[in-house]
Amino acid sequence: GLQVFTRQDRWVDCPGVSGVSHFVINLGDLMSRWTNNRWLSTPHRVVAPDGGSAAARQAIAYFHNMDMDALISCVPTCLTPDETPKYPPIRAGEHLMKKHDAATRGNKLNIYE
């Protein structure tokens, strides 16, 4: 089943609601940058359920990458008058390569730090 990584540095199950159709939407890290952390991306993974039996579930993954040269910066409406952006502007390609580099080096990817 689906698990999400919490701010307490642990993986927890994201259980479905029996008999109810629902959506779980995972936002990417660039959305966190755009919204100044108003909308956080959530590290997530899918693991085999305990006992080897899986409840009926359908997952559709859709990935979209920005133009590599697009400049990503905080959306002005996501800042209060006394607030500054938490992240400096960055090109989408540079951001993607930094994430790839951290993942391939085995670096911790806790976005909450």
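These are my notebook entries on a predicted model of one protein chain.

**Ground rules.** I worked on a predicted model, in which local features need pLDDT of at least 70 and side-chain atom pairs count only at pLDDT 80 or more, while totals for chains, interfaces and linings use all residues. I numbered residues from 1 along each chain as its sequence is written, and side-chain values use heavy atoms, with hydrogens and water left out.

**Overall layout.** I began with the secondary structure, taking helices (H or I, at least four residues) and strands (E, at least two) as DSSP runs numbered from the N terminus. The chain has two helices and five strands, and along the sequence I read the pattern β-β-α-β-β-β-α. I then looked up burial, where buried means under 20% relative accessible area, exposed over 50% and partly exposed in between, with a 1.4 Å probe and protein chains only. Of the 113 residues in the chain, 19% are buried. For contacts (heavy atoms within 4.5 Å), I noted that residues 24 or more positions apart supply 62% of those with a separation of 6 or more. Accessible areas come from the Shrake-Rupley method with a 1.4 Å probe, and for residues only the protein chains shown count as cover; the chain exposes about 8800 Å², of which carbon and sulfur atoms supply 56%.

**Strand β1 and its partners.** I counted two strands as paired if DSSP finds at least two bridges between them. Strand β1, residues 2-5, is covered on both faces, since L2 and V4 on one side and Q3 and F5 on the other are all buried. β1 runs antiparallel to β3 (residues 44-46), with three bridges joining them, and I found H44 of β3 as the bridge partner of V4. β1 also pairs with β2 (residues 11-13), again in the antiparallel sense and over three bridges, with F5 opposite W11.

**Positive phi values.** Most residues other than glycine have a negative phi. I therefore recorded the exceptions, starting with D9, which is not a glycine and yet has a positive phi of about 65°. D9 sits in the hairpin of β1 and β2, which has five residues between the strands, and D9 is partly exposed at 40% relative accessibility. N37, also a residue other than glycine, has a positive phi near 70°; N37 lies in the loop between α1 and β3 and is partly exposed at 26% relative accessibility. Just after α2, I noted a positive phi of about 80° at G106.

**Helix α2.** Helix α2 covers residues 92-104, and its 13 residues reach 18 Å from first C-alpha to last, close to the 18 Å expected at 1.5 Å a residue (the expected span being 1.5 Å times one less than the number of residues). A92, G93, H95 and A102 are buried in α2, and the buried residues of this helix pack against α1 (29-34), β4 (71-72) and β5 (90-91). I looked more carefully at H95, which has 11% relative accessibility and touches D29, L30, R33 and I90, residues up to four places away in sequence not being counted.

**A nonpolar patch.** Patches are made of residues with over 30% relative accessible area and no salt bridge, like charges being joined within 9 Å and nonpolar side chains (Val, Leu, Ile, Met, Phe, Trp, Tyr) within 5 Å. M68, L96 and M97 make a nonpolar surface patch of about 260 Å². M68 is in the loop between β3 and β4 and is partly exposed, with a relative accessible area of 41%.

**Salt bridges.** I took a salt bridge as a side-chain nitrogen of Lys or Arg within 4 Å of a carboxyl oxygen of Asp or Glu, and the count came to four. K99 forms one with D29, where the closest N and O atoms are 2.5 Å apart; K99 lies in α2 and D29 in α1, so the pair ties together parts that are 70 residues apart in sequence. K99 is partly exposed at 34%, whereas D29 is buried at 16% relative accessibility. The side chains of R38 and E83 meet at 3.2 Å, N to O; R38 lies in the loop between α1 and β3 and E83 in the loop between β4 and β5, so this pair ties together parts that are 45 residues apart in sequence. E83 also meets K86, at 4.0 Å, and I closed the entry by noting that R38, E83 and K86 are linked in a network of salt bridges. R38 is partly exposed at 41% relative accessibility, E83 at 23% and K86 at 48%.
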